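This briefing goes through a few local features of one protein chain. Please keep the sequence and the structure in view while reading.

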Amino acid sequence: MEVVIVPDAKAGGDLIAEAMAQLLRRKPEALLGVATGSTPLPVYEALAAKVRSGAVDVAGARIAQLDEYVGLPADHPESYRSVLRREVLEPLGIGMGRFTGPDGTAEDVQGACEAYDKVLSDAGGVDLQLLGIGTDGHIGFNEPCSSLVSRTRIKTLTEQTRIDNARFFDGDIEQVPHHVITQGIGTILEARHLVLLATGEGKADAVAATVEGPVAAICPASALQLHPHATVVVDEAAASKLKLADYFRHTYVNKPEWQGI
């Protein structure tokens, strides 16, 4: 696992957007896995700026969704399909025909989960999966004690996650669904490159457990230690609990420029 410590959220967004751009230059039809929430917004903003300037062409790119609320209509403003359309697809000029995600309104939710795993496999797999991390170490909606080999499935949200997400529902936790479909940890680990972005002091404990703690279901993100190409990008605040922070800074400064992240 490579840990890159950046000055702030914008620098992290610029770094990851450039990694995405380099991938698309090598593989124009790459499948990018995207996450929702406030943390990845600097990535999408930086990538959209590259598209506008002509620095990268996304005409062939494909977008895959990480998770979705169960029961929210697809056109609900806070369904993740709607959020990603606003924050990723429209700014990049990518149509819904090149977007795929799980069906949170399906009558057969388990069937929808299995179908989405197959869609990802049939598409050739995710080339780069962008991840955020919860204050409790969850990735996607794989809450603590999720199986580290889990597949796409329905999950019940913890109260803390519902509290954290209430800000997107007018601060009203009662509007936040109790259930979601999420790519499982095993599904996430099948992506060729995992990039986790974390910013702010509130994520510091989770980052330390992910990077320096044991691989354990109590911190689902620690499963990234098992991946052959995982990159953790953190700002100074999120890196504040890392014991090896100086080592991570040294290794990044001294790596070959051609290597990327």
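Does Glu18 count as buried, partly exposed or exposed, and at what relative accessibility? At 23% relative accessibility, Glu18 counts as partly exposed, because buried would require a value under 20%. The model is predicted. The points below cover a pair of helices, the salt bridges, one buried loop residue and two residues with a positive phi.

**Helix 1 and helix 2**

- Two packed helices are described by the angle between their axes and the distance between the axes.
- Helix 1 spans residues 9-26 and helix 2 spans residues 41-53.
- Their axes come within 7 Å and cross at roughly 55 degrees, so the two helices are oblique to each other.
- The crossing of helix 1 and helix 2 is right-handed.
- On the side of helix 1, the contact is made by Ala9, Lys10, Gly13, Asp14, Ile16, Ala17, Glu18, Met20 and Ala21.
- On the side of helix 2, the residues met are Pro42, Val43, Ala46, Leu47 and Lys50.
- Sorted by character, the residues of this contact are 9 nonpolar, 1 polar and 4 charged.

**Salt bridges**

- There are 15 salt bridges in the structure.
- Glu18, one of the helix 1 residues in the contact with helix 2, forms a salt bridge with Arg25, with the closest N and O atoms 3.1 Å apart.
- Arg25 has a relative accessibility of 42% and therefore counts as partly exposed.
- Arg86 and Glu78 also meet through their side chains in a salt bridge, at 4.0 Å from N to O.
- In this pair, Arg86 is partly exposed at 36% relative accessibility, whereas Glu78 is buried at 18%.
- Another salt bridge joins Lys241 and Asp205, whose closest N and O atoms are 2.8 Å apart.
- This pair links distant parts of the chain, 36 residues apart: Lys241 lies in the loop between strand 10 and helix 8 (245-253), and Asp205 lies in helix 7.
- Lys241 is partly exposed, with a relative accessible area of 44%, while Asp205 counts as exposed at 51% relative accessibility.
- Glu18, Arg25 and Lys50 are joined into one network by salt bridges that share partners.

**A buried loop residue**

- Ser222 sits in the loop between helix 7 (204-212) and strand 10 (230-235).
- The relative accessible area of Ser222 is 0%, so this residue is buried.
- With its neighbours within four places in sequence left aside, Ser222 is in contact with Ala209, Thr210, Pro214, Val215 and Ala216.

**Residues with a positive phi**

- Most residues other than glycine have a negative phi.
- Cys145 is not a glycine, yet its phi is positive, at about 75 degrees.
- Cys145 is placed in the loop between strand 6 (128-131) and strand 7 (153-156).
- With a relative accessibility of 58%, Cys145 counts as exposed.
- Asp170, a residue other than glycine, also has a positive phi, near 60 degrees.
- The loop between helix 5 (159-165) and strand 8 (179-182) holds Asp170.
- Asp170 has a relative accessibility of 72% and therefore counts as exposed.

Terms used. Residues are numbered from 1 along each chain as its sequence is written. This is a predicted model: local features need pLDDT of at least 70, side-chain atom pairs count only at pLDDT 80 or more; totals for chains, interfaces and linings use all residues. Side-chain values use heavy atoms; hydrogens and water are left out. Axes are lines fitted to C-alpha atoms, for helices over the stretch in contact, and angles run from 0 to 180 degrees between N-to-C directions. Helices (H or I, at least four residues) and strands (E, at least two) are DSSP runs, numbered from the N terminus. Angles under 35 degrees count as roughly parallel, over 145 as roughly antiparallel, 65 to 115 as roughly perpendicular and the rest as oblique. A crossing is left-handed if the near helix is turned anticlockwise from the far one by less than a right angle, and right-handed if clockwise. Contact means heavy atoms within 4.5 Å. Ala, Val, Leu, Ile, Met, Phe, Trp, Tyr, Cys and Pro count as nonpolar, Asp, Glu, Lys and Arg as charged, and the others, Gly among them, as polar. Buried means under 20% relative accessible area, exposed over 50%, partly exposed in between (1.4 Å probe, protein chains only).
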